[in-house]
Structures are given as structure tokens and as C-alpha cells.
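Q: Please take a close look at the salt bridges of this model and describe how their partners are placed with respect to the surface.

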There are 2 protein chains.
Amino acid sequence: MYAALKRLVVGTPLASSEEHHTRLGRPTALSVFASDAISSTAYATEEILLVMVPVVGMVALDSLVPISLVVAVLLTIVIFSYRQTIYAYPNGGGSYVVSRENLGRGASLIAGAALLVDYILTVAVSVSAGIAAITSAFDELSRYRVPLCLLAIGVMTLANLRGAKESGKLFAPPVYTYVVSLAVLIGYGLFEVFVKGIPPIPENVESLVSLAESHGTAIGADGYPLFGGLTLLLLLRAFSSGAVALTGIEAISNGVPAFRKPESHNAATTLVAMGLILGTAFIGLSVVSHNLKPTVSEEETVLSILGRYLYLDGPSSVGSFGNVLYYVLQFSTFAILILAANTAFADFPRVSSIIAGDGFLPRQLTNRGDRLVFSNGIVTLAVVAGILIVAFGGVTSALIPLYAVGVFTGFTLSQAGMVLHHRRERERGWRRHEVINAIGATATLVVLGVVVVSKFVYGAWIPVVLIPAIVVVFKAIKRHYDHVARSIAVPEGYRSRRKRHTVIVLVGNVHRGVLDAITYARSLSPDRILAVSVVHDDDQQRAIEEQWQRYEIPVELRTVYSPYRELAGPVMKLVDELDEEWPDDVITVIVPEFVLAHWWEQLLHNQSALVLRARLRLRPNTVVTAVPIHIHPRSKERY
Amino acid sequence: MYAALKRLVVGTPLASSEEHHTRLGRPTALSVFASDAISSTAYATEEILLVMVPVVGMVALDSLVPISLVVAVLLTIVIFSYRQTIYAYPNGGGSYVVSRENLGRGASLIAGAALLVDYILTVAVSVSAGIAAITSAFDELSRYRVPLCLLAIGVMTLANLRGAKESGKLFAPPVYTYVVSLAVLIGYGLFEVFVKGIPPIPENVESLVSLAESHGTAIGADGYPLFGGLTLLLLLRAFSSGAVALTGIEAISNGVPAFRKPESHNAATTLVAMGLILGTAFIGLSVVSHNLKPTVSEEETVLSILGRYLYLDGPSSVGSFGNVLYYVLQFSTFAILILAANTAFADFPRVSSIIAGDGFLPRQLTNRGDRLVFSNGIVTLAVVAGILIVAFGGVTSALIPLYAVGVFTGFTLSQAGMVLHHRRERERGWRRHEVINAIGATATLVVLGVVVVSKFVYGAWIPVVLIPAIVVVFKAIKRHYDHVARSIAVPEGYRSRRKRHTVIVLVGNVHRGVLDAITYARSLSPDRILAVSVVHDDDQQRAIEEQWQRYEIPVELRTVYSPYRELAGPVMKLVDELDEEWPDDVITVIVPEFVLAHWWEQLLHNQSALVLRARLRLRPNTVVTAVPIHIHPRSKERY
């Protein structure tokens with residue numbers, strides 16, 4: 001039953017030998033590896049505004065383009081840094097691997113913890129932003145936000161357990177549809193603003209008031225919020241939110257081996273193309289937003305507000321074709337964000353299997369499931385991301401402060417590692433490369449500091465606490481495995497020695513199963529054999545002794561009195577006593593056990609043998625043997 | 001840790017020999033056995049009104065006294081019927097025992113199922129009514145109704161697991177305080193009404209409208225409900241609700257052996273006293289209610305409305321002393337209802353242990369816990385009653401329709417059994433006794449019919465379905481135990497025969513634990529021995545074969561290839577093959593198993609051995625032996 005269900009849901013198993021790779025061309029590779037990075041254009045602009053608008057009002061829009069330019073500069077620095085990683089690590093250079101090779105174990109564990117936190121947040125943020133694209137278009141779905149997010153995570157989990165390949169066939173259409181949709185939106189917006197000179201979107205006062213209220217801004221007597229002025233800290237917080245646009249850049253450097261030859265060259269070109277798309281789209285969107293002044297809200301995304309105004313409601317409306325443009329924009333936004341989340345479903349299990357392979361995570365995470373995927377990692381990611389979605393109500397802007405800390409920790413460690421790499425390798429042009437990576441490391445470290453300080457109380461404290469905590473767990477797990485390995489190592493000249501052999505058969509009252517168990521026990525050629533019965537009163541004792549004589553059982557019977565009607569305690573005491581007589585023997589306790597056809601039948605039998613077995617298990621030199629008494633279903637009375 | 005916690009919560013264990021009885025005098029026995037019956041005065045009058053008032057309005061109060069008189073007649077009949085049971089069954093005559101002796105197995109199982117359902121509802125109804133007494137006095141607690149009910153059940157569960165004795169010391173003060181409080185309320189009420197002539201309580205229109213609305217009665221244009229006229233069915237439904245006043249009468253006939261000598265005589269006298277108190281209070285309360293016309297509601301109990309009016313708010317207010325009278329009334333109502341629920345905590349486990357002793361319920365229910373109580377029964381009762389409370393929102397009137405079916409089924413079977421008892425025994429005056437019990441059986445059967453018909457759609461269908469379903473389960477359990485007993489019976493001349501003995505040691509890679517496991521396996525003198533290693537690829541195969549040679553292990557190694565990275569399947573297949581070679585042997589599979597100091601460490605090791613063990617267990621002629629590899633905490637590296 002369980003097996004059939006599993007086959008249906010997960011698919012037929014794949015043999016280890018069936019693993020193979022198909023190499024990707026550049027356009028396909030762009031769609032596969034860049035979905036995470038490019039999809040952040042769907043929320044980065046909005047997140048900048050959502051930090052400032054509730055405090056200072058629509059004036060915030062004046063700071064949007066400058067902040068975006070700073071983010072774009074940062075993007076350029078990081079892209080050039082990673083270009084070098086791609087050439088230096090043609091087999092894939094994630095920040096865990098790069099820090100492990102160059103910075104040593106401590107740094108690599110921090111990078112690993114940051115990466116895992118990151119992937120979890122990629123799922124939570126991308127899914128919640130993707131569902132926001134849907135609920136922006138279909139307002140009546142808003143109240144199902146959390147269930148819809150969980151549904152999306154559930155579908156991705158199943159797809160990945162079945163072994164969804166990151167295939168170009170799947171990724172290319174939605175990614176390029178989104179890129180084109182976004183280009184059309186920005187292009188048409190710029191044309192309408194600068195050529196046609198359309199007016200900005202009318203301010204949505206109701207939405208502005210509710211946003212201001214929910215952020216604690218006082219409302220004046222005229223019903224309009226009493227906005228304050230811009231502060232440096234507010235600008236830094238807004239910048240920190242915009243910096244999440246850089247998430248996902250690392251993906252290409254991880255995936256170098258999947259490119260067609262020459263791998264590094266193709267990957268580097270793709271990386272730059274991705275940077276150009278991401279940067280252009282991000283700045284373009286900021287300029288359009290600056291001019292059209294959408295009133296950001298937690299109900300509708302900025303992309304949806306802009307699309308609705310340009311295509312449908314505004315003076316530039318294009319009639320019923322506008323509907324097509326608008327809905328294609330919203331659905332492709334949803335699709336690219338789900339693909340971005342799906343990237344984490346491939347990366348989280350892969351990275352955790354590498355970390356587990358090094359002994360810092362449970363070994364089970366290195367097990368490939370029936371479909372050659374790391375099933376345990378997939379399920380772990382889905383559960384933790386689902387918990388985050390529920391805890392933060394599926395609201396993207398609530399999750400953003402948690403997001404950037406892990407990302408920039410990874411960037412910093414990876415670039416710092418590259419600096420040391422160049423110094424060690426001293427390849428051609430290493431000094432120039434070193435400078436580029438040093439700039440990258442410094443810039444991302446500064447941003448990390450800005451994010452932590454400006455967003456600490458808004459949620460950044462969570463990864464700040466969590467990442468070191470995960471490192472502590474990594475180390476504890478490693479210590480455990482090392483300890484076990486030392487404990488079971490075979491010492492030089494070790495000879496396993498036969499010990500004397502005591503067998504105890506546990507007996508309730510005498511039936512066929514007990515007679516068979518005693519025959520089995522005698523066949524083990526024990527040096528000493530004993531049947532033990534735990535009795536609660538004299539009647540029970542007389543009964544068992546009488547049965548023993550009647551069946552002429554050729555084994556000594558020892559009855560143990562248990563005044564508190566307990567099984568395990570008195571048996572443990574007896575075993576201790578026997579052990580003291582022969583301190584060097586192995587004691588085998590035989591527990592006859594009913595095996596029934598149905599699980600509910602099992603519930604009808606006493607479970608005290610389970611308790612006894614759990615306690616005996618902890619005893620040194622004690623072996624527990626379950627001799628089954630098979631009770632067959634009534635229909636086939638005998639076997 | 002667990003043991004220490006259990007000691008703290010449950011107390012130190014008691015030996016079987018520590019069980020003893022203290023005999024109770026009549027006044028104490030009345031408080032111990034009558035709390036269930038007498039406590040129903042706290043809600044019976046109100047439940048009659050809650051059926052009629054939402055449909056016909058305050059006119060319903062005119063039918064209150066007639067209905068109460070019919071209930072009182074029924075009470076008298078049942079009391080006289082049970083008086084005879086007390087004399088006929090001095091060792092305790094519950095309806096399960098009486099029907100088993102006189103009506104046979106089928107009837108006794110129905111009675112047993114009805115009793116169990118009954119006790120569960122006693123807990124649910126009494127606790128919800130008890131908490132209603134508290135929330136009536138403290139309005140702000142209303143919204144915590146369900147958590148408060150669950151808290152009360154939790155406290156009772158703990159108290160009963162500790163082995164709360166039904167001691168007079170505990171029961172007498174609250175029971176008598178309630179009886180006196182109720183007598184004062186009724187006496188003062190009658191005096192004020194008939195001597196002083198105080199006016200009725202002003203109608204609470206708001207409360208009346210909300211009650212009518214929630215029962216689907218239309219509201220007129222003037223905002224007042226459009227009440228209809230009385231129908232026979234409505235009167236029967238109201239009577240059915242009033243009939244729950246009879247619950248708990250059986251308690252004394254169950255408890256005869258606990259009385260001082262002459263037991264039957266004392267018990268019979270106590271039964272009549274209980275009937276007098278119950279009947280007088282019930283009719284008195286109806287007369288007072290009829291005259292003061294409290295507007296029943298689901299927010300405040302009738303007792304609380306009457307007490308508030310007479311002592312505090314009305315023209316008969318007695319100043320600050322009224323506060324004392326009112327709060328003593330409410331708290332003693334709460335206390336007696338909790339004691340009534342507690343009665344079920346003693347009776348449910350006792351009855352289910354009797355039924356389990358006959359083989360119709362899981363044997364575990366006959367096990368006495370550390371404190372000589374039937375712990376499993378107590379926990380079962382608490383969980384099911386808790387589920388009912390949550391499902392019905394802790395609202396007494398929603399639970400009442402479920403209650404009476406079980407009670408009157410038990411009455412009918414018990415009295416019918418007594419009729420047959422008299423015919424068989426033909427004791428002195430048996431013809432008169434027979435007539436009394438026949439009247440009792442007929443009257444309660446008629447009431448059962450009335451309850452089922454009039455309340456079927458309001459919830460009575462639940463016990464009507466549930467009681468037969470429980471009987472079906474009883475019979476299935478009995479069939480199972482009979483089948484097991486037949487299966488394990490030792491046939492005449494049975495000789496358990498030594499079989500040939502194959503031992504398989506499961507090996508991952510070679511370490512000290514494996515060497516020890518192989519030594520142990522060889523010490524079992526097998527006829528055939530084999531080490532088995534499951535490998536996923538050629539590298540693993542070479543590695544294990546190389547280790548085998550290096551350590552010169554004197555046992556044949558068989559490697560099994562598992563392309564799907566699975567352990568259990570290939571091992572099962574190998575065992576099947578071996579079994580075919582020697583069809584008559586016993587196969588012992590030795591699974592070396594890490595035993596770690598902490599549970600979280602166990603999670604770090606592969607659980608696939610557990611899956612294997614579960615599957616091997618189901619195989620005939622297969623014994624699974626866990627040879628522990630003890631890994632000691634790091635602090636004490638060697639033992």
C-alpha cells in the first residue's frame with residue numbers, strides 16, 4: 001500500500017547509473033541559472049519604497065533613483081568579482097567550497113550556514129512575492145495568501161522529489177516571457193512619460209493612510225499621515241532592502257560544469273549578460289516608478305500598479321490588448337518567482353549533501369532517494385520555508401530584512417577567499433584579479449554591516465543569531481561522528497574474543513510460542529540458560545510452576561516477584577545479578593513477541609515488552625532477540 | 001528523567017497488597033455516590049426551558065411544573081426498581097453485570113457500550129455545566145469556556161492517576177454545601193414568592209431575542225421574536241431534556257460493598273434519601289422558576305439568574321450578605337458538578353476493566369498502574385471527553401441530547417434483567433418485585449423511545465449509531481483474543497523440534513562492532529553462517545572485500561548489489577533464497593546497532609536498519625537479533 005502510493009507520487013526508482021548530465025548552451029543556461037537573480041526585480045524596487053513611504057510619504061520617490069544607482073554599482077562590483085571565481089573554479093565555486101579551500105574550516109562553516117539560511121529565505125521570499133503577483137491581479141484571493149504559498153511549496157516539493165531537472169525546456173519560456181514583459185513595461189512607460197508626457201498615477205490616499213498607520217506613523221486632524229523627514233538610517237534601511245536584488249548571482253558560479261565547452265568562458269559571458277539584464281531592468285523600473293509615482297501598498301505589487309495604469313486604467317491605455325499585456329506580466333512574474341524558489345530546491349539539498357559529506361550534517365542528507373535526488377534535504381527545506389511563510393503571514397516585506405544577511409555573508413567570504421586564492425596561485429594577472437576581489441569583498445562586507453545595523457530590530461537579528469547557532473550545531477555533529485569513528489576503530493592487533501554465553505527466555509504463561517522460543521534458545525548452545533517469569537502474586541507463581549511441570553520443560557524456571565506490576569524493573573535487576581556472577585559473559589534476552597496480521601491487532605497486546613527492550617538495549621554486553629510468534633489471520637488458520 | 005517526572009506527577013508506586021477498603025457510613029456514602037445524581041439539579045430545569053423558550057417564548061414556563069412532576073414520577077419508579085437491585089446484588093449490580101447474568105452476552109455488551117458512552121458524557125456535561133456556574137458569576141471568563149473545561153479535565157485526570165480515593169473527607173463538604181445552598185435558594189424563593197409576593201424577574205428581551213434567533217425563530221418588525229405555539233413533540237423534547245435528572249442513580253447499586261453492614265439495607269436507605277433530595281429539589285426549583293420567570297440564556301445559568309435576583313438585584317435583596325449566598329451557591333454548584341464528573345473517572349476505568357477482563361476490550365485496560373488505578377482507562381476517558389468538549393464548544397445544552405440515550409438504555413436492560421432474575425430466583429415476594437421491575441423497565445423503555453424519537457436530529461443519533469458500533473468492536477476484539485488463544489494452544493503431544501540454524505550478520509563496513517558481532521554470531525553454533533553487505537557500486541564492493549581479507553574474518557562474505565540504494569529489499573530477497581535452500585531452518589539475522597548516549601545522536605545515524613527489522617519481523621521462521629555497539633559519551637572514552 002505505502003509502496004504503491006509512493007510510486008504513484010514520487011515515480012519509479014532510478015538506478016545510480018542512470019545519472020547523467022546534458023550540457024547547456026548560453027541562452028538556456030541564462031534561463032536556468034539567472035531566474036533567481038532576475039526575479040528579484042519583481043520586488044526590489046517595491047521593497048525600497050515600502051521602507052521609506054510609510055515614514056516620509058511620497059517624497060520617498062525622489063530617493064529611489066539614487067538608491068538604485070548605488071545598488072547597480074554594487075551589482076557591477078559583485079558581477080566582476082564572480083567572473084573571476086568562474087575562471088578559478090571551473091568545477092563549481094560556491095561560497096562553501098571557495099571558503100573551505102582558501103579560508104579554512106571556520107569560515108567555510110559560516111558560509112555553509114549562511115547559504116542554507118539563504119536558500120530557505122529564497123523559497124519563502126520568492127514564493128510569497130510570486131503569490132503576491134497573483135493576488136494583485138485577483139484581489140479576492142488575498143485572504144488565501146498563506147494557503148496559496150503553502151500549496152506552491154507543496155507542488156514544488158513533489159516535483160523535486162520526483163527529480164525535476166533544471167531543464168532549459170522548462171525554464172526558458174517563463175524566464176524570457178518575464179524579461180520581455182518587463183522590457184515592454186519599462187519601454188512603454190519611459191516612452192509615455194518622456195515622449196507623451198502622461199501625468200503620474202493619482203495618489204491613493206486610503207492606501208497611503210493604512211500603510212502609514214500600520215507602521216506607527218501618526219495621522220493628522222485632516223486624516224492625512226503626519227510624515228516626517230528622511231534620515232540617514234532610513235536611507236540605509238531602504239538601500240539594504242534594495243540590495244536583495246543581488247541575491248542569486250552566485251548561481252552561475254556554482255553551475256559552471258553544466259555549460260558547453262569552453263565552460264568558464266561561456267559561464268562568464270552568461271554572468272555578464274545576466275548582470276546587464278538585471279541592472280538595466282532595475283534602474284529602468286526605478287526611473288518609471290519615480291515618474292509615475294505609484295502609491296506602494298501591501299495589497300498590490302508595484303509592477304501590478306504600473307501595469308494596470310499604463311495598459312488599462314491610465315491615459316495611455318491600449319484597450320483590450322492591455323488586458324493581455326497586464327495578465328501576461330502578472331503570470332510571468334509569478335512563474336519566474338516560482339522558478340527562483342525552485343532553484344533553491346536544487347541547491348539546498350546539494351549544498352547540504354556536500355556539508356554532510358564533510359561530516360557536519362547528518363549523513364542521511366547524503367542519501368539519494370529513489371529518484372536520485374537528495375530527498376531528505378528537499379523535505380527539510382520545504383518544511384522550514386513553510387514555517388517561515390506561516391510565521392510571517394506570507395508577507396514579502398516582512399521576510400526581506402532576514403534575507404540579505406546570509407547573502408552578503410556568503411559574498412564577503414567568497415570574495416575574501418578569492419583574494420587568498422590569487423595570492424597563493426599567483427596566476428597571470430593575479431595582482432589585478434586580487435584587487436577586483438578585494439574591492440568585492442570590502443564592498444559586500446560594508447553592505448553586510450549596513451544591513452545588520454539598519455535592519456537589526458526589523459528581523460536581521462534572526463540570521464545574526466541563527467547562522468552562528470547553525471555553525472555550533474555543525475561542529476557538534478562533526479565531533480559526534482569523529483568520536484564514533486574513534487570508538488569503533490579496530491585497534492592494532494585487536495582480537496574479538498568469544499565470551500561466555502547466558503540466555504534468558506522471558507515467559508508470561510506457557511503456550512506453543514514459548515515452547516518454540518525455548519527450543520530456539522537451547523539451539524544457541526548457551527553456557528547457561530534460564531527461563532524468567534515475572535509474577536504479581538502467589539496465584540500467578542503457582543500457575544506458571546504448575547505449567548512448567550506439566551509440559552516437562554527442560555530449562556530452569558526462575559520467577560521474579562513484581563509488587564508494583566511492572567515488567568522491566570525486576571528483569572533488569574535479575575540481569576544485573578546474573579551479570580555479577582559471570583562478569584565477562586554476554587547475556588542474550590529472548591523475548592517472544594506476537595506478530596499479528598493487522599496493526600490494530602498489535603494494539604490489543606501488551607506493549608510492556610517494548611519498554612523492556614528499550615531498557616535492555618542500553619545495557620552493555622546484552623543482546624535482545626525477538627522470537628516472533630506468528631498469529632495468522634483467521635481465514636488461513638494454519639500455515 | 002522520565003521516571004523522576006512521573007514520580008513527581010503521579011506519586012510513588014503502591015504495591016498490589018496495599019489495596020484496601022474503608023467502609024462508608026450513610027451520610028458519607030450519600031455524598032460519595034449521590035453527587036452525580038444530585039448535581040443534575042444544576043442544569044435539568046434549565047435544559048427543559050432551553051428546549052421550549054426559543055420556540056414558544058416565556059409561555060414555556062407554564063409547562064415547567066407539569067413536566068417536572070412527570071420526571072419526578074419517573075424518578076420514583078426508577079428508585080424503587082433499583083432498591084430491588086441493591087438487595088439482589090449485594091456485591092454490586094451495575095447494568096453490565098445484571099444483564100450479563102440474566103440477559104446473556106448480547107444484552108450485556110449493549111449495556112456495557114451504553115455505560116461507557118454514558119460516563120464519557122457525564123464528564124463532558126458535568127464539566128461544561130460546572131464551568132458555566134463559574135462563567136455565570138464571572139462574565140469575563142466566558143470566552144475561556146473551552147480552555148477552562150479542558151483545564152478541569154486535566155486536573156481530574158492527574159488527581160485520578162495519582163489514585164484519588166472517593167473519600168468522604170473530600171466529597172462531603174462540597175456536596176452538603178450545595179444541598180444546603182440549593183435548599184436556601186428554593187426556601188427563600190418560595191417564601192418571597194408566596195408570602196412576600198415579589199414580582200417576577202423582568203424579561204430580558206435582548207437575551208430572549210438572541211436565544212430565539214440562534215434557534216431559527218423569525219424576529220418580527222417590532223424586534224420581538226415571532227414565537228409559535230406548543231406542540232406535543234416540543235413537550236416530549238423538553239421532557240427528554242428533563243429526564244437527564246435521572247443520570248447517576250445507578251451509582252449506589254454499583255457501590256453496595258462500600259457501605260457499612262448491613263450493606264444492602266444501608267444502601268437502600270441512602271438510595272431513597274438521594275431520591276427524596278433530588279426529587280424535592282427538582283420540583284422546588286421548577287416552582288420557583290415558574291413564579292420568578294427567569295429568562296433562560298446560554299450565557300448565564302438559571303441558578304445564577306435566580307440567585308442574583310433573590311439575593312442581590314431584586315426587591316428581596318439581603319445586602320452584602322447576598323454576595324456571600326450568591327457566590328457560595330455558584331462555587332458549590334461548580335464543586336458538586338466536578339465531583340460528579342470525577343465519579344465517572346472512577347467508574348469508566350472500573351467498568352472497562354470488567355469488560356476487558358471478559359475479553360471484549362484491550363487487555364491493557366485491566367492493568368493497574370503504579371498507583372493501583374486503571375491508568376489507561378482514565379487517560380482514554382479524559383481524551384474522549386476532551387474531544388467532545390471541544391467539538392461542542394463546551395455548551396451543556398448541545399451535549400444533553402447525546403446524554404439520555406445511554407442512561408435509559410442501561411436502565412431498561414438492568415430492570416429487564418431484574419425481571420428475569422426474580423423469575424429464576426423466586427425469592428420471597430418475587431411476584432411483587434417482578435411487577436416493580438417490570439414497571440421500571442417499561443417506563444424507562446418508553447422514555448428511551450421518546451428520547452430517541454424527539455431528539456434524534458438534535459444529536460441523539462450519535463449514541464444510537466455509536467452504541468451498536470462499540471458492540472461490534474467489542475465482538476471483534478473478543479474474536480481476536482479467542483483466535484490468538486486457539487493459535488498458541490499447545491496441541492496434545494506437541495514436541496517443539498530443534499530446527500537447522502542459519503545466522504546472517506548484516507555488515508556495512510568493518511569496524512570493531514562488526515568483529516564483535518561476528519564473534520557473537522559464531523558463538524551461537526549455527527549450522528550455516530554468512531555475512532551480508534549491501535553495496536551500491538563496485539567501489540563499495542571492492543572496499544568491503546579488501547577489509548574482509550585484511551582482518552582475516554573467518555566467515556563467508558556475500559555482497560548484494562542494490563542499484564536503487566535500498567537496504568531492506570535486497571536483504572529480504574537473499575533471506576528468501578536461503579530459506580528455499582533449507583526450507584525447514586530458522587534464520588537469525590544479526591543487525592549490529594549503534595547505541596548512543598543521547599537521543600539526538602541516534603538521529604545522526606541511518607535508520608534503514610529499523611525498516612529492515614520491521615520487514616524481517618513479519619517473516620515466518622525469522623529471528624532478528626540486535627547486537628548493540630555501545631558508543632559512550634566522550635567524557636568517559638572507554639568503559
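A: A residue is called buried when its relative accessible area is under 20%, exposed when this value is over 50%, and partly exposed in between. On that scale, B:R424 is partly exposed because its relative accessible area is 48%. The model under discussion is a predicted one. In it, B:R424 forms a salt bridge with B:E425, with 3.7 Å between the closest N and O atoms. B:E425, at 44% relative accessibility, also falls in the partly exposed class.

The pair in chain A formed by A:R619 and A:D579 has an N to O distance of 3.1 Å. This salt bridge links distant parts of the chain, since its two residues are 40 residues apart. A:R619 lies in the loop between α23 (608–617) and β5 (622–630), whereas A:D579 belongs to helix α21 (residues 568–581). A:R619 has a relative accessible area of 9% and is therefore buried. A:D579 likewise counts as buried, at 16% relative accessibility.

A further salt bridge joins A:R308 to A:E300, whose closest N and O atoms are 2.7 Å apart. Here A:R308 is partly exposed, because its relative accessible area is 25%.

Salt bridges also link A:R528, A:E581 and A:D585 in a network. Over all chains, the count comes to 35 salt bridges.

Charged residues without a salt bridge can form surface patches. A:D139, A:E140, A:E298 and A:E299 make up a negative surface patch. Of these, A:D139 is situated in the loop between α6 (105–137) and α7 (145–161) of chain A, and its relative accessibility of 54% places A:D139 in the exposed class.

Notes. Residues are numbered from 1 along each chain as its sequence is written. Chains are lettered from A and ligands numbered from 1 in the order in which they are written. This is a predicted model: local features need pLDDT of at least 70, side-chain atom pairs count only at pLDDT 80 or more; totals for chains, interfaces and linings use all residues. Side-chain values use heavy atoms; hydrogens and water are left out. Patches are made of residues with over 30% relative accessible area and no salt bridge: like charges are joined within 9 Å, nonpolar side chains (Val, Leu, Ile, Met, Phe, Trp, Tyr) within 5 Å. Accessible areas come from the Shrake-Rupley method with a 1.4 Å probe; for residues, only the protein chains shown count as cover. A salt bridge is a side-chain nitrogen of Lys or Arg within 4 Å of a carboxyl oxygen of Asp or Glu. Lys and Arg count as positive and Asp and Glu as negative; His and the chain ends are not counted. The place of a charge is taken as NZ of Lys, CZ of Arg, CG of Asp or CD of Glu. Helices (H or I, at least four residues) and strands (E, at least two) are DSSP runs, numbered from the N terminus. Buried means under 20% relative accessible area, exposed over 50%, partly exposed in between (1.4 Å probe, protein chains only).
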